[in-house]
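Colleague: Could you take me closely through one part of this model, the open sheet and what surrounds it, and then set it in the wider structure?

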Amino acid sequence: MKIKTFFSKSFPIVLLTVLTLPIILGFLWILISTFSTRAYGLLPVGPDGKFGGLTLNNWQFLSDKAIWYVTLNTFILATGLTIGVVAVSAMAGYSLSRIKFPGRKGILSLSLVLHAFPSATLIIAIYFVLRWISKIPILGNGIPLLGGFGYNTLGGVILVSIALQLPLGIWLMKGFFDSVSWDIERASLIDGSSRFRTFREIMIPQIKPGIAALSIFSFIQGWSSFIIPYSFMTSASKATVGTYLNNLLTESAPVNYGELAAVGLFQLLPVLVFYIFTQKYLLSIFAGGVKGTS
Amino acid sequence: MKIKLDNLTKHFGKVAAVNDLTLDIKDGEFVALLGPSGCGKTTTMLMIAGIYKPTKGQIIFEDNIVNQWAPKDRHIGMVFQSYALYPHMTVYQNLAYPLILKKRPKEEIKIESQKVADLLGIGHLMDRKPGQLSGGQQQRVALGRALIKKPQVLLFDEPLSNLDARLRITMRSMIKKLQKDLGITSIYVTHDQVEAMTMADRIAVMKDGVLQAFTDPEDLHDRPRTLFVAQFVGNPPMNLFDVELKEQDGILSAIFGSGASIQIPNERRPKTSKKIIKMGIRPQDIHSTNGTGLESVISFVEPMGRDNLIVTSMGELDIHFLEDPGIKLNADDKVKLKFDLNTLQFFDKETELSLLWT
């Protein structure tokens, strides 16, 4: 009996350990590489091929102004993406969950199709759209901080990222709104509230866990995004951490894997810390998402 | 406030949830909408509240057609079955919310909330969240929230069905007393006929979206206009039999399938020329007797405290009646049944309408 419970308890742990081993080794390699001139497997080695060669040189990029610039850019991108996605998704999700209007079913299924659409296939089309937006005065490329919403601006990248993130966000928010009782909303309307005020003061507080989850998810998405900023922000000064990382790879000089690992870890750290404190909410994203049937 | 529903109809897709409902509710009256689940009573209430828009017909408050009015302009308070308290607000905030929406001064909101809370005996719970309250307390908060804005109409949507039996009786009398004291026109939706009978001035019985009867509780009980009302109202439910009418020498009798017969008094003579009709009699109007009566065999005895509900069979027919527990009756005993003939009800088998009262 005791052996059986021991086995049934340890078996999942062993299985999970084996399955996650490649990832864990990957992380370990990154961590070790950042502090060594050269790594032989997981072993840092010196020029003589023996253990040694530990160094902090790989972290020198931190003294470079550029990295802080791209970090700020990435932060703006992630924050803008989060605010945009949450605001639009919450309102769209509420409407789709609560209000009957022509085209409701259509929007729901269309957004689901968009969600399944690989974003890489849209890049060329989006490029033309952004080029067109660029031609609009001020809105195109005359806004401080964001640069604008056209091609080669941070705002443009945010705009595209929001659009691609919306299907997931809308369905998620709809799922959460679906699970809020109608009676609360009716009570609020009868108590004398307007529809919008009911949305803001009564409905939003009920789906706080959903909003938290979507915010975290979007923020992480924005922080680690690569394809979109890489495609639509060509000038290096405007790049994000993701593209900065890529620049290290594409240079004609031999790749310094130690530095590459250090930048990677630098990008990873905020996400890891963030994740540890917010995984409770992230779990509810999947629980809440399941409910999202029309 | 007077409320008039005029040919009110609501369709959901092709289904008619409420069909041509016409009701006239007097100022200060307590009206119950009674019916089995899915009969359209809640839909009717939500139309009065302004949540649903009627497909056809009119809702008239005093002299205004309010079909297109927003809920907030109708001066109504509503208590929900689920209480529908705002979970993220304290009891105080819940009570104060309607007044905040009306932009009343802060001091007044404080005083009014405390007054309502004290009236309902929840004054000491002001800082709690709804999740920390018992069902009965939540119900009181919901009631307070409906009352605080001094509505002209109070709507109750099965407010007591989530409470335990004891609490239900206390809350029942409390709501009734509050309504009488405040004199607010009230509409009360319920599927529980006891609730409707004890609380309401008049009861509107609905079935499949159609109004069956709209009258006071006593009339509803003693003079049911349709077969459905006769079956639905009254506890235990009315006995119903198919009988054949036979007239001989001016004396009308009803003959059961088994061949037994009873005489129908002149005051209860059914207005029909048909031979086979439905006869009904309530269990409390049948008694066992030592004299002459219908012979039957007891199937089983259900003690109900004050009375015993006794089920007997007379041939193929089951007859339910109430008897004093002092009279010892056991299963398989033979009893003679005496019907109180002045309580007989008759219904047409096809139209299901009463042959006495319509």
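Modeller: What follows begins with the sheet and then moves outward to the domains, the chain contact and the core.

The model is a predicted one, and the description should be read with that in mind. The part in question is an open sheet of four strands in chain B, ordered β2-β1-β4-β5 with antiparallel pairing. Its edge strands are β2 (15-25) and β5 (64-65) of chain B, each of which pairs on one side only. Helix α1 (residues 41-49) of chain B packs on this sheet, where it touches β1, β2 and β4 of chain B, and the direction of the helix makes about 115 degrees with that of β1(B).

Within the sheet, strand β1 (residues 3-12) and strand β4 (residues 56-61) of chain B pair in the antiparallel sense over five bridges. In this pairing L5(B) stands opposite I59(B) of β4(B). The next residue to consider is D6(B), which also belongs to strand β1 of chain B. D6(B) lies 53 residues from I59(B) in sequence, yet the C-alpha atoms of the two are 6.3 Å apart in space. Once neighbours within four places in sequence are left aside, the contacts of D6(B) are T22(B), G57(B), Q58(B) and I60(B). Is D6(B) buried, partly exposed or exposed? D6(B) counts as partly exposed because it has 16 C-beta neighbours inside 10 Å, whereas 20 or more would be needed for a residue to be buried.

The domain assignment divides chain B into domain 1 (3-232) and domain 2 (239-347), and the C-alpha centres of these two domains lie 39 Å apart. Further along the chain, strand β16 (residues 294-303) of chain B takes part in two antiparallel pairings, of which the one with strand β19 (residues 334-339) is made through four bridges, and the one with strand β17 (residues 308-314) through six bridges. L294(B) has L337(B) as its bridge partner in β19(B), while I298(B) stands opposite T312(B) in β17(B). The hairpin of β16(B) and β17(B) has four residues between the strands, and G305(B) there takes a positive phi near 95 degrees.

Turning to the contact between chains, 17 residues of chain B are in contact with 13 residues of chain A. On the chain B side, β6 (76-79) and α2 (91-101) each supply at least two residues, and α2(B) gives the most, with three. By class, this side of chain B holds 12 nonpolar, two polar and three charged residues.

Chain A is itself divided into domain 1 (2-45) and domain 2 (64-290), whose C-alpha centres lie 32 Å apart. Six residues of domain 1 of chain A are in contact with six residues of domain 2 of chain A, and the domain 1 side of that contact has two nonpolar, four polar and no charged residues.

Finally, the largest nonpolar core has 133 residues, and those that touch the most other members are A32(B), M78(B), A142(B), L155(B), Y188(B), A204(B) and V205(B). The largest share of this core, 14 residues, nevertheless comes from helix α5 (residues 154-178) of chain A. One of the residues named, Y188(B), touches F30(B), V31(B), A32(B), F156(B), M199(B) and A200(B), when residues up to four places away in sequence are not counted. In soluble globular proteins, nonpolar side chains tend to be buried together.

Methods
Residues are numbered from 1 along each chain as its sequence is written. Chains are lettered from A and ligands numbered from 1 in the order in which they are written. This is a predicted model: local features need pLDDT of at least 70, side-chain atom pairs count only at pLDDT 80 or more; totals for chains, interfaces and linings use all residues. A nonpolar core is a set of buried Ala, Val, Leu, Ile, Met, Phe, Trp, Tyr and Cys residues joined through C-beta atoms within 7 Å. A residue is buried if 20 or more other C-beta atoms lie within 10 Å of its own, exposed if 12 or fewer, and partly exposed in between; C-beta atoms are placed from the backbone. Two residues are in contact if their C-beta atoms, placed from the backbone, lie within 7 Å. Domain bounds come from an automatic or database domain assignment. Ala, Val, Leu, Ile, Met, Phe, Trp, Tyr, Cys and Pro count as nonpolar, Asp, Glu, Lys and Arg as charged, and the others, Gly among them, as polar. Two strands pair if DSSP finds at least two bridges between them. Axes are lines fitted to C-alpha atoms, for helices over the stretch in contact, and angles run from 0 to 180 degrees between N-to-C directions.
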